[in-house]
Number of protein chains: 2
Amino acid sequence: MSKVKVACFSISLDGFGAGIRQNLTEPLGVRGEELHEWIFPTKMFREIGRKDGGNEGVDNEFVEKSFENMGAWILGRNMFGPVRGPWPDDEWKGWWGEEPPYHVPVFVLTNHERKSVTMKGGTTFHFITGGIESAMEEARKAANGKDIRIGGGVSTIRQYLQAGYIDELHIAISPIFLGSGEHLFSGMNMTALGYNQIQIVAGENATHMIIKKG
Amino acid sequence: MSKVKVACFSISLDGFGAGIRQNLTEPLGVRGEELHEWIFPTKMFREIGRKDGGNEGVDNEFVEKSFENMGAWILGRNMFGPVRGPWPDDEWKGWWGEEPPYHVPVFVLTNHERKSVTMKGGTTFHFITGGIESAMEEARKAANGKDIRIGGGVSTIRQYLQAGYIDELHIAISPIFLGSGEHLFSGMNMTALGYNQIQIVAGENATHMIIKKG
């Protein structure tokens, strides 16, 4: 049965999933990149960037697992890029270069129509203007029985949590304080939403929290 | 050199250090007691309650360490008890029975004067109406070179953090979501306050976070 998952989503010790003021040079907002420092030395991350070496410990296992059995992704527009308002042209194709690491259909939530963009290696970006339900419907069709991953950002995950779609979350807690930014759990009642099975695993550079309905 | 410490202070995955609606039967607020479940099976906690047995792992080490070299404690009034407003009489003597686990002077922050209360085993409760600086001054004198522990609750810890008094925090993250209550770090900028040395250790039933200025 196809599952809807969040995986390798990083937050700070004080619960922020992104810093403030996202822009072209700081795609994750001020200091947001520090949230992800645990991921850079992993073998899997280096492989994606076509580099040798990297660590093979607990952190790496979580990165590897996060790509298993994925049939489709859903991204918020701000995770796809810094462009706001109507798309001025087709130039912006995501942060990830010519061959993004998805290799499956990716559905981008936006209020502004745009034609699909096919990238190298099997990634196609589809732009969905009908809201989160409509994106989920399209993703289910595209995933064809495989899992669907909600890539982020914070606001997209919160919307899907509140709408009851997400089966499982893997959140990586990075050992930094951000002090401000977008908070993942603030004002959410995870228990009332049915999330009760919780497991915590210490990695080399982050602490991993697995949260399931149950 | 005497240090000011927070230790074994439990928060939920979503960052709450106490539940809502504290009262006589739920001293830690609704579901607040679940925050502390990691502590009950430890050897040290059982020893305090004069019981045999208990676990001797990582969680227990943190509990043991939290009592080492303590010369004085500071507690917020709500941690001392559920009584609000002026003290009606001298009947309320804390949650901890005739022989509280402190065994040193304990300074309770309150707006209402009350005479000191001496308990069995070396604990004396002093009631401080002059604010957090005044309590710290008294605690320093009483500690006589040993450490001072800020016991809690959330609001007391936040006040001492913001005033720059706390050298070191050990926070235990319990694997539960509370969804509401008193948030420990919300709106605090821990980095700006100088907390940069962070260590995370997985225990048997909680995840331990050590935070120091550095």
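**Exercise 1. Find how many residues each chain gives to the contact between chain A and chain B, then describe that interface.**

*Solution.* Start with the count: 20 residues of chain A and 20 residues of chain B take part in the contact, where contact means heavy atoms within 4.5 Å. This is a predicted model, in which local features need pLDDT of at least 70, side-chain atom pairs count only at pLDDT 80 or more, and totals for chains, interfaces and linings use all residues. Residues are numbered from 1 along each chain as its sequence is written, and side-chain values use heavy atoms, with hydrogens and water left out.

Next, take the area: the two chains bury about 1700 Å² between them, 71% of it on carbon and sulfur atoms. Buried area here is the accessible area (1.4 Å probe) lost on putting the two parts together, summed over both.

Now look at the side of chain A that touches chain B: strands E10 (195–202) and E11 (207–213) of chain A each give two or more residues to it. Strands are DSSP runs (E, at least two residues), numbered from the N terminus.

**Exercise 2. Work out which strands of chain B pair with E6(B), and in which sense.**

*Solution.* First, E4 (residues 105–109) of chain B pairs with E6(B) in the parallel sense over five bridges; pairing requires at least two DSSP bridges. Within this pair, B:Val108 has B:Phe127 as its bridge partner.

Second, E5 (residues 117–118) of chain B runs antiparallel to E6(B), joined by two bridges, and B:Val117 stands opposite B:Phe125.

Finally, check the turn: five residues lie between E5(B) and E6(B) in their hairpin, and B:Gly121 there has a positive phi of about 80 degrees.

Notes
Chains lettered and ligands numbered in written order. Helix = DSSP H or I, 4+ residues; strand = E, 2+ residues; numbered from the N terminus.
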